[in-house]
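Please walk through the model below with the sequence at hand. The paragraphs take single residues and the elements that hold them in turn.

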Amino acid sequence: MADLRQFQGRYGGIEIEIGDPSTAEDLAEFLRGLCFEVQRSGERTLEARFRDPLPANDAAARLELDLYLRVWEAMKKGAHWARRID
């Protein structure tokens, strides 16, 4: 698994790929409402960075984000998908 990349001068950035580009802003707003700063990095990709405090380690950060992505997918009735890019 990849380490968390530097994002806007700080560590903790994670790239996310989405199945439907039209849902990018919806996912970004969902993550912003939790504990992330998010920006669009491509047509089907977002960059997310944990706001302080950062998770204890990379594995904890990946697990936390993966859980949030599953919640978002469940809220969308499985019509869309999003995954962390390793």
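R49 counts as buried, because its relative accessibility is 3% and the cut-off for buried is under 20%. The model in which this value was computed is a predicted one. R49 is found in strand β4, which covers residues 45–50. What does the side chain of R49 meet in a polar contact? The partner is the side chain of E37, at 2.3 Å. R49 can also be placed relative to E15: the two are 34 residues apart along the chain, and their C-alpha atoms are separated by 8.9 Å.

A second arginine can be read in the same manner. R84 belongs to strand β5, made up of residues 82–84. Is R84 buried or exposed? With a relative accessibility of 13%, R84 counts as buried, because the value falls under 20%. The side chain of R84 is joined to that of D66 by a polar contact of 2.8 Å.

A third arginine, R70, lies in helix α2. R70 is exposed, because its relative accessible area of 60% is over the 50% that marks an exposed residue. Along the chain, R70 and R83 are 13 residues apart, and 8.9 Å separates their C-alpha atoms.

These elements belong to a short list. The protein has 2 helices and 5 strands. Read from the N terminus, the order of the elements is β-β-α-β-β-α-β. The protein has 86 residues, and 36% of them count as buried. How are the contacts spread along the sequence? If contacts between residues at least 6 apart in sequence are taken, 58% of them join residues at least 24 apart.

The two helices pack against each other. Two packed helices are described by the angle between their axes and by the distance between the axes. Here helix α1 (residues 24–32) and helix α2 (residues 58–75) pack at an angle of about 125°, and their axes are 11 Å apart. The pair is therefore oblique, because an angle of this value falls outside the ranges for roughly parallel (under 35 degrees), roughly perpendicular (65 to 115) and roughly antiparallel (over 145). The crossing of α1 past α2 is right-handed. Which residues of α1 and α2 meet? On the α1 side they are D26, L27, F30 and L31. On the α2 side they are L65, Y68, L69, V71, W72 and M75. By class, the residues of this contact divide into 9 nonpolar, no polar and 1 charged.

Ahead of α1 in the chain is a loop that joins β2 (10–18) to α1, and S22 lies in this loop. S22 is exposed, because its relative accessible area is 61% and exposed means over 50%. The side chain of S22 makes a polar contact of 2.8 Å with the side chain of D20. S22 can be related to E43 as well: in sequence they are 21 residues apart, and in space 9.1 Å, C-alpha to C-alpha.

The last residue to look at is Q39, in strand β3 (residues 36–42). Q39 counts as partly exposed, because its relative accessibility of 32% lies between the 20% and 50% limits. Q39 and A24 are 15 residues apart along the chain, with 9.7 Å between their C-alpha atoms.

Note on methods: Residues numbered from 1 in each chain as written. Predicted model: local features only at pLDDT ≥ 70, side-chain atom pairs only at ≥ 80, totals over all residues. Heavy atoms only, no water. Helix = DSSP H or I, 4+ residues; strand = E, 2+ residues; numbered from the N terminus. Buried < 20%, exposed > 50% of the residue type's maximum accessible area, 1.4 Å probe, protein only. Polar contact = N/O pair within 3.5 Å; in protein donor to acceptor, adjacent residues only side chain to side chain. Axes fitted to C-alpha atoms, helices over the stretch in contact; angles between N-to-C directions. Left-handed = near helix turned anticlockwise from the far one by under 90°. Contact = heavy atoms within 4.5 Å. Nonpolar A, V, L, I, M, F, W, Y, C, P; charged D, E, K, R; others polar.
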